[in-house]
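This briefing introduces two helices and the contact between two chains. Please keep the sequence and the structure in view while reading.

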Amino acid sequence: MKKMLNPRKGVALAMVMVFCIAILGLVTVLVFNTRSHKGSHTYQHDTSRALMAATAAMQLAIYKYRVLPSEYYKIHTLETLKNKGTADAAALNALNSFKTAWMADFQSDNAGSPAAKIKAEIDKSTGGNHSFGVEEFSLVSKAAQGYTRDYLKIRAWGASGDTRKVLEELIEVRISD
Amino acid sequence: MPLSAREKISPPYCPSRRAGLSLVEILLALLILTIAVLPAIGAFSGYYGVATRQMEQEMALKLGEAVVNVLMTANYSELKEGAIPALPLNIQTPSGSFSGTMSFAGGYASGTPVTIGKTKYIIGAEVKKIFLAQNIGTPHNNALEFSWISPDAPPPPFGGGAAPPPPPIATYSCFNDLICLKVTVDFGGAKPIELATFRADMAR
């Protein structure tokens, strides 16, 4: 008779162990989940900072256009020739050089550029590591089919840490004939 | 053979002394459960803390961005000189619409504290000139200087022969003070939110 009772020994302990393993599993999931949430703190902060850096690039690009419009129109004229297919090799070379020089001021990685000085100030203010630049700076002319006005199309980007944000604006401009 | 009273009541395969759990078993089970549940409680409380902090930080970031947007649209001339007496702040929060002011004292500003739930958000701002307007009379190196390649053809080399020099890089010194905006939102977290951007004078 005693031998028949043996299989019931320690059932309660075994059940408790099963519960404990389940609870510890839950705890593990929670701990890992909490860790990933801690990472999203930094991500959110970096996203906002990247957006601010992109805004800085956008402001700089618009301002340069406002103070030096005729210098940009020279680039635009060459670009129009290129799009029409009437630009010769010299004009294409000139376009590349002018455009590179025009865009260089907006890239925070270019030492000595206005963007680099702004980046240094932003980094100092916030203790972060920002970078920004302008990817596209073009004039959407009303001469092109489908447009009734002239627009400046600027696509700026900003980055903080590993997060990068892109900001695109279409600004109406008036070109005097 | 007649059965005794005890044998009649209890079946032979399940004696009454094994019908329940022993005190030692229950105590052991409780001990093990306690050991397992304690870290679970700790993890839940940690998770709750992280979630709360994340919510607070998100709110602080939204407030910071909203204040930057307000500063980006404020009157530029007054802003750069710190001459704005009070800038209205109208911000939509989960607790409803918040109306306050940013009070300036020189290049620094402090906003009306925003309370959302149990958290108090203290907003601060700083306006700093990072580029100074160029002065023709007394030129300086702190002006914003743009560069571009002059499309004007360089003069031909004297006497001919040598290749013409590359197109010259022209520069232009700007005649505006240009500013950097910094917004700080302190919400009692370990580190306040700090956002900074650049604003140019678009008046011209």
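What should the 16 residues of helix α4 (residues 89–104) of chain A span at 1.5 Å a residue, and how far apart are its end C-alpha atoms? In this predicted model, the expected span of α4(A) is 22 Å and its end C-alpha atoms are 23 Å apart, which agrees.

**Helix α4 of chain A**
- The buried residues of α4(A) are A:F98, A:W102 and A:M103, and because they fall within an arc of 120° when seen down the helix axis, they line one face of the helix.
- On the other side of α4(A), the exposed residues are A:A89, A:A90, A:N93, A:N96 and A:T100.
- The cover over the buried residues of α4(A) includes α3 (69–84) and β1 (130–140) of chain A, together with β6 (145–149) of chain B.

**Helix α3 of chain A**
- For the 16 residues of α3(A), a span of 22 Å is expected at 1.5 Å a residue, and the end C-alpha atoms are 22 Å apart, which agrees.
- A:E71, A:Y72, A:I75 and A:L78 are the buried residues of α3(A); seen down the axis, they fall within an arc of 120°, so they line one face of the helix.
- A:S70, A:N83 and A:K84 are exposed on the other side of α3(A), and the helix is followed by A:G85, whose phi is positive, near 85°.

**Contact between the chains**
- In chain B, 50 residues are in contact with 53 residues of chain A, and α2(B) provides the largest share of the side of chain B that touches chain A, with 22 residues.
- By class, that side of chain B has 35 nonpolar, six polar and nine charged residues.

How values were computed: Residues are numbered from 1 along each chain as its sequence is written. Chains are lettered from A and ligands numbered from 1 in the order in which they are written. This is a predicted model: local features need pLDDT of at least 70, side-chain atom pairs count only at pLDDT 80 or more; totals for chains, interfaces and linings use all residues. Helices (H or I, at least four residues) and strands (E, at least two) are DSSP runs, numbered from the N terminus. The expected span of a helix is 1.5 Å times one less than its number of residues. A residue is buried if 20 or more other C-beta atoms lie within 10 Å of its own, exposed if 12 or fewer, and partly exposed in between; C-beta atoms are placed from the backbone. The arc is that of the directions from the helix axis to the C-beta atoms. Two residues are in contact if their C-beta atoms, placed from the backbone, lie within 7 Å. Ala, Val, Leu, Ile, Met, Phe, Trp, Tyr, Cys and Pro count as nonpolar, Asp, Glu, Lys and Arg as charged, and the others, Gly among them, as polar.
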